[in-house]
Amino acid sequence: MRGEPSCPRCAGRVRAPGLFSDTWQCDRHGAVHPMQPVLPPSVEALNVAVNRSQVPVWMPWPLPVGWLFTGIAHAGDDLSGARATAVACSGPAPLGGFGELVLVAEELGIGLGARYAGLDGPDPGESVALYKPADAKLMAAGRPTPMFHVPGAPDDRAVYVGEARGLWLWAIAWPEQSALLMHDELVLTDLRDAGAELGLLPCGALSPRLLG
């Protein structure tokens, strides 16, 4: 069964547009872009999400050695397209063991990144400030991108946020030590630009992080 759309901020039930509202509605957060049910990772599912997305679909490219694509989620409906995307990757952690990374691109106020970060959200607030030195840097679509550590997240993860292509870029790593990837010249590609190379992407089992 495919499941039902949910609130991108709290995972609660949402009501479809109808007679009294032309937007999806969450009882707790009001008008939202609905999060669609997460599908098992496959090149086909990724292609569908990429083709309908209005925001970047970020992926480390190439993937770190031994890492796999482990799922994609998005918020938006058939009319608006995806206004937020979350891509999960999993593999060997820098200090040993198993690591996971979720990259979120979203418009202001969606709240999907804050949800995966374990924060009240919807946006990172004062964590991103021009006067602060960056805590890490990565390359996103060929551009150096400062990333700022976001305090207050649960102890089991590390959260960084920045801005790329005019939108929020969140990087959430489990366990916290896996955030060392952020200091290892991580290069991100917007998969909307990847073309036929998507067919070469190694896929693993669905990450439970996307279901949280």
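Accessible areas here come from the Shrake-Rupley method with a 1.4 Å probe, and for residues only the protein chains shown count as cover. This is a predicted model, where local features need pLDDT of at least 70, side-chain atom pairs count only at pLDDT 80 or more, and totals for chains, interfaces and linings use all residues. Residues are numbered from 1 along each chain as its sequence is written, and side-chain values use heavy atoms, leaving out hydrogens and water.

Q: What share of the accessible surface of the protein belongs to carbon and sulfur atoms?
A: Let's start on the outside. The accessible surface totals about 10400 Å². Of this, the part belonging to carbon and sulfur atoms is 55%.

Q: In which strand does H74 lie?
A: Helices (H or I, at least four residues) and strands (E, at least two) are DSSP runs, numbered from the N terminus. The protein has two helices and 12 strands. Residues 68-77 form the strand that holds H74, and that is β5.

Q: Is H74 buried or exposed?
A: Buried means under 20% relative accessible area, exposed over 50%, and partly exposed in between (1.4 Å probe, protein chains only). H74 has a relative accessible area of 15%, so H74 is buried.

Q: Which side chain does a polar contact of 2.9 Å join to that of H74?
A: A polar contact is a pair of N or O atoms within 3.5 Å; within protein, one must be able to donate a hydrogen and the other to accept it, and residues adjacent in sequence count only if both atoms are side-chain atoms. At 2.9 Å, the partner of the H74 side chain is R52.
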